[in-house]
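Welcome, and thank you for joining this tour. Please open your viewer, bring up the chain, and get ready to select residues as we go.

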Amino acid sequence: HALLGARAILADGCRLAGWIANAIDPGMDAVEGNIALLGARLPAPCWGRLPFDPAADAKAASRLLSIPD
């Protein structure tokens, strides 16, 4: 989905400023490999990684990211 989303953003003439890796499945296999693949294929920096948390708090999660000004 990340690669398709990036393709759609770029096809619309917009700039992909960055992306955030999120863990939506705590049992996902090959997490590191998938993130590495996205890092190599997405034409924008990764702003951080959000761990799996079914009770996530947006404010707390935002502290895990490094989004440039």
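A residue counts as buried when its relative accessible area is under 20%, as exposed when that area is over 50%, and as partly exposed in between. Keep that rule at hand, as several stops rely on it. Please also remember that you are looking at a predicted model.

**Stop 1: the whole chain**

Begin with a cartoon view of everything. The protein chain holds three helices and two strands, and reading along the sequence gives the pattern α-β-α-β-α. Taken along the principal axes, the C-alpha atoms fill a box of roughly 35 × 30 × 15 Å.

Now switch on the surface. About 5,300 Å² of the protein chain is accessible, and carbon and sulfur atoms account for 58% of that area. How much of the chain is buried? Of its 69 residues, 19% are buried. If you display contacts between residues at least 6 apart in sequence, 59% of them join residues at least 24 apart.

**Stop 2: L42 and the core**

Select L42, which sits in the loop between helix 2 and strand 2. Is L42 buried or exposed? Its relative accessible area is 6%, which is under the 20% cut-off, so L42 is buried. Show the neighbours next: beyond the residues up to four places away in sequence, L42 touches A2, L3, A6, L16 and W19.

Keep L42 selected and add A6, L16, W19, A21, I35, L38 and A44; together these eight residues form the largest nonpolar core. Strand 1 and helix 2 each contribute at least two residues to this core.

From the core, pick out I35. Setting aside residues up to four places away in sequence, I35 touches W19, A21 and R49.

**Stop 3: the largest pocket**

Turn on a pocket display if your viewer has one. The largest pocket encloses about 550 Å³ of space. It is lined by 22 residues, and A2, A21, N22, M28 and L38 are the ones nearest its centre.

Which elements should you colour here? Helix 1 (2–11), strand 1 (19–22), helix 2 (31–41) and strand 2 (46–50) each give at least two residues to the lining. Helix 2 supplies the largest share, with five residues. Colour the lining by class and you should find 17 nonpolar, three polar and two charged residues.

**Stop 4: the second largest pocket**

Move on to the second largest pocket, with a volume of about 180 Å³. It has 13 lining residues, and L50, P51, D53, A56 and A61 are the closest to its centre. By class, this lining consists of ten nonpolar, one polar and two charged residues.

**Stop 5: F52 and I24**

Select F52, in the loop between strand 2 and helix 3 (58–62). With a relative accessible area of 40%, F52 falls between the 20% and 50% cut-offs, so it is partly exposed. What does F52 contact, apart from its neighbours within four places in sequence? The answer is A23, I24, D25 and P26.

Two distances can be drawn from F52. Its C-alpha atom is 13 Å from that of L64, twelve residues away along the chain. The C-alpha atoms of F52 and L42, ten residues apart along the chain, are separated by 22 Å.

Now click on I24, one of the contacts of F52. I24 lies in the loop between strand 1 and helix 2. The relative accessible area of I24 is 70%, over the 50% cut-off, so I24 is exposed. Draw a line from I24 to P54: they are 30 residues apart in sequence, and their C-alpha atoms are 8.7 Å apart in space.

**Stop 6: A30 and its backbone**

Staying in the loop between strand 1 and helix 2, select A30. Most residues other than glycine have a negative phi. A30 is not a glycine, yet its phi is positive, at about 60°. A30 is exposed, because its relative accessible area of 53% is over 50%.

**Stop 7: G39**

Finish in helix 2 by selecting G39. Its relative accessible area is 43%, between the two cut-offs, so G39 is partly exposed. For a last distance, join the C-alpha atoms of G39 and D29: these residues are ten apart along the chain, and the atoms are separated by 17 Å.

How values were computed
Residues are numbered from 1 along each chain as its sequence is written. This is a predicted model: local features need pLDDT of at least 70, side-chain atom pairs count only at pLDDT 80 or more; totals for chains, interfaces and linings use all residues. Side-chain values use heavy atoms; hydrogens and water are left out. On a 1 Å grid over the protein atoms alone, a cavity is a set of points where a 1.4 Å probe fits but cannot get out, and a pocket is an open set with protein on both sides within 12 Å along at least five of seven lines; lining residues have an atom within 4 Å of a point. Grid points are joined across faces, edges and corners, and a volume is the space filled by probe spheres set on the points. Helices (H or I, at least four residues) and strands (E, at least two) are DSSP runs, numbered from the N terminus. Ala, Val, Leu, Ile, Met, Phe, Trp, Tyr, Cys and Pro count as nonpolar, Asp, Glu, Lys and Arg as charged, and the others, Gly among them, as polar. A nonpolar core is a set of buried Ala, Val, Leu, Ile, Met, Phe, Trp, Tyr and Cys residues joined through side-chain atoms within 4.5 Å. Buried means under 20% relative accessible area, exposed over 50%, partly exposed in between (1.4 Å probe, protein chains only). Contact means heavy atoms within 4.5 Å. Accessible areas come from the Shrake-Rupley method with a 1.4 Å probe; for residues, only the protein chains shown count as cover.
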